[in-house]
Amino acid sequence: MPANIYPIFPKEPDVQIAGSVIGTSANTATDGTGANSTLLFTADATNGSYVYKVILKPISTIAATVARVFFCTATGSFTPGTTNTAANSALIAEVAITAWTASNTAASPQYEVPINMAIPASMKLFITFGTSTGAGTTGFNPTTVGGKY
């Protein structure tokens, strides 16, 4: 029996994290190209997925930048600078991020990038940062909130 056809609702949650601190290297390309790109989300290989949002919370002190989220039609594994080409990637959202100094008495800012779109089977979302967020231990470990069909 097909899952949730009319209307389409995700049948199970799918929350993915980038798995490392990202943003320490800039990618000034706004066409989806460049090696300083990080995979955020891969849609379910069978039925695709729905992505609600990407949550960005600083790991530590960060410099001001802009975060750009791209949709990528490539399937298979993701290799930054190879998988993401201008022909198969499109900018779908971006958010300006202000500089912030880490504190043990003040909460860090949270940035939520609304996506709200269905992602076809095995296709991807990835992220870049317009400028470096700082040294190798600064930046973000994004959380992408979605669901599998």
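Two aromatic rings of Phe, Tyr or Trp are said to pair if their centres lie within 6.5 Å, and a pair whose planes are neither under 30 degrees apart, which would be stacked, nor over 60, which would be edge-to-face, is called tilted. With that in mind, the reader can turn to this structure, which is a predicted model, and find that Phe70, Phe78 and Phe126 form one aromatic cluster. By the rule just given, the count comes to four aromatic pairs. In one of them, the ring centres of phenylalanine 78 and phenylalanine 126 lie 5.5 Å apart with their planes at 35°, so this pair is classed as tilted. The two residues belong to distant parts of the chain, 48 residues apart, since phenylalanine 78 sits in the loop between strand 4 (65–72) and strand 5, while phenylalanine 126 is in strand 7. Both phenylalanine 78 and phenylalanine 126 are buried.

The strands just named lead to the sheet. Strands of a sheet pair through backbone hydrogen bonds, and they may do so in a parallel or an antiparallel manner. Here an open sheet is built from four strands in the order 2-7-4-5, and the pairing is antiparallel. Its edges are formed by strand 2 (38–42) and strand 5 (89–97), each of which pairs on one side only. From one strand to the next, the twist averages 25°.

It helps to walk across this sheet in the order of its strands. Strand 2 pairs with strand 7 (residues 124–129) in the antiparallel sense over four bridges, and within this pairing threonine 38 has isoleucine 127 of strand 7 as its bridge partner. Strand 7 in turn pairs with strand 4, again in the antiparallel sense, over six bridges, and there alanine 67 stands opposite phenylalanine 129 of strand 7. Finally, strand 4 is joined to strand 5 by eight bridges, the two strands running antiparallel, and cysteine 72 finds its bridge partner in serine 89 of strand 5.

Why can strand 4 be described as largely enclosed by the rest of the structure? The reason is that eight of its eight residues are buried. Looking at its two faces separately, one finds Thr65, Ala67, Val69 and Phe71 buried on one side, and Val66, Arg68, Phe70 and Cys72 buried on the other, so that both faces are covered.

Two loop residues complete the tour. Aspartate 31 is found in the loop between strand 1 (12–17) and strand 2, and with a relative accessible area of 37% it is partly exposed. Its side chain makes a polar contact of 2.6 Å with the side chain of threonine 33. Beyond its neighbours within four places in sequence, aspartate 31 is in contact with Phe70, Thr85, Ala86 and Ser89, and its C-alpha lies 8.8 Å from that of alanine 87, although 56 residues separate the two in sequence.

Serine 60 has its place in the loop between strand 3 (49–56) and strand 4. Is this residue buried or exposed? Because buried means under 20% relative accessible area, serine 60, at 19%, counts as buried. A polar atom of its side chain lies 3.3 Å from the backbone oxygen of threonine 137, and, not counting residues up to four places away in sequence, serine 60 touches Trp100, Ala102, Thr137, Thr138 and Gly139.

Conventions. Residues numbered from 1 in each chain as written. Predicted model: local features only at pLDDT ≥ 70, side-chain atom pairs only at ≥ 80, totals over all residues. Heavy atoms only, no water. Pairing = 2+ DSSP bridges. Axes fitted to C-alpha atoms, helices over the stretch in contact; angles between N-to-C directions. Phe/Tyr/Trp six-rings, centres within 6.5 Å; stacked < 30°, edge-to-face > 60°. Buried < 20%, exposed > 50% of the residue type's maximum accessible area, 1.4 Å probe, protein only. Contact = heavy atoms within 4.5 Å. Polar contact = N/O pair within 3.5 Å; in protein donor to acceptor, adjacent residues only side chain to side chain.
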